[in-house]
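Okay, thanks for coming, everyone. Let me put the model up and we'll walk through it together.

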Amino acid sequence: MELRQLRYFVTVAQEASFTRAAARLHLAQPGLSAQIRQLERELGHPLLDRGGRGVTLTEVGAAVLPHARAALAAGERVTHTVDEFTGLLRGRVRMGLISGAAVEEFDVAAVLADFHHDHPQVGISLTEDTSERMLAALGRGELDMALIGLTGAELDPAIGIEVVLETALVAAVAAAEPSCGPELPLIALRDRPLICLTPGTGIRGVFERACAAAGFEPGIAYEAAAPALLLRLAARGLGVAVVPELTAAEAAAFGVRTIRIVEPEPRGRLALAWRTDRPASPAAKVLLGQLRLALRTDT
């Protein structure tokens, strides 16, 4: 029995599919199936029921699963202990990042470049996705840390959070549109065509929760993953873009002007997230510490 076979078994159990598990493990499906069957032969019992629409655990498989997870965790702790003792950083760190987060005030690229320069034996995987999917990936152990937008939903207590930026949400309209003042009640957006970030993002979640509390469902006419595209659509008069607060110069550069949303005033929060209930690799600990220092805005 090998640790990699246990890892394959745990992954198939999590995905309930050999196809998805093989893709996640970057293996050919026949090879994955062969390794699982070899493990079952060594144990003398089938661990997975391959019938029906999906893959499910047998009674023995369900009993073995927590022990397989414990064995994998113990193996990781052994490696981490040796690395910490020798001062060696190696392996791979997996980080998630929301679209548009790597801007001048949060120069994530510079932090990653400095980390790579100091620890060239550590590989860095960078994933750009929505906040909801990255939180799910953190929960599954597929990411070590992520820079996300908080939606206002309750978080898993095993997720550590450090807010690095809080900003008001504003309505961006074409610069040529008649002025309606510096502030706009949220309810006034009820009958307007809106331009928003995609579902699963922090800003979208915060905005939808505010609208629900105000008693209406926002009419989303256009959605996109990049805030810059939202502003370009608004500049063309296609609707009202709901975006984080902009400076006057930024708004002018995109051909829009911004109006503060009030009653209530929804606010977006950008945060660094990581798991607190499992041991992180020495490399992940170091990079997380450097990111927390670099993204801290109160120093």
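I'll go through the pocket, then one helix, one strand and a few salt bridges.

Quick caveats: this is a predicted model, so local features need pLDDT of at least 70 and side-chain atom pairs count only at pLDDT 80 or more, while totals for chains, interfaces and linings use all residues. Numbering starts from 1 along each chain as its sequence is written, and side-chain values use heavy atoms, with hydrogens and water left out.

So, the pocket. On a 1 Å grid over the protein atoms alone, a pocket is an open set of points with protein on both sides within 12 Å along at least five of seven lines, and lining residues have an atom within 4 Å of a point. The largest one holds about 1,700 Å³, where volume is the space filled by probe spheres set on the points, with points joined across faces, edges and corners; the probe is 1.4 Å. Its lining has 44 residues, and Glu76, Arg94, Gly141, Glu142 and Asp144 lie nearest the centre. Which helix gives the largest share of that lining? Helix 4, with eight residues. Helices here are DSSP runs of H or I, at least four residues, and strands are E runs of at least two, numbered from the N terminus.

Helix 1 (3–15) also supplies at least two lining residues. In helix 1, the buried residues (under 20% relative accessible area, 1.4 Å probe, protein chains only; exposed is over 50%, partly exposed in between) include Tyr8, Phe9 and Glu15. Right after helix 1 comes Ala16, with a positive phi near 55 degrees.

Now strand 6, residues 159–174. With 12 of its 16 residues buried, strand 6 is largely enclosed by the rest of the structure. It runs antiparallel to strand 12, joined by nine bridges; to pair, two strands need at least two DSSP bridges. Ala171 in particular stands opposite Val242 in strand 10 and also opposite Ile259 in strand 11.

Last bit: salt bridges, meaning a side-chain nitrogen of Lys or Arg within 4 Å of a carboxyl oxygen of Asp or Glu. The count is 18. Glu40 and Arg50 make one at 3.0 Å, N to O. That pair links distant parts of the chain, 10 residues apart, with Glu40 in helix 3 and Arg50 in a loop between strand 1 and strand 2. Glu40 is at 7% relative accessibility, so it counts as buried, whereas Arg50 is partly exposed at 29%. And there's a salt-bridge network linking Glu15, Arg20, Arg24, Arg140 and Glu142.
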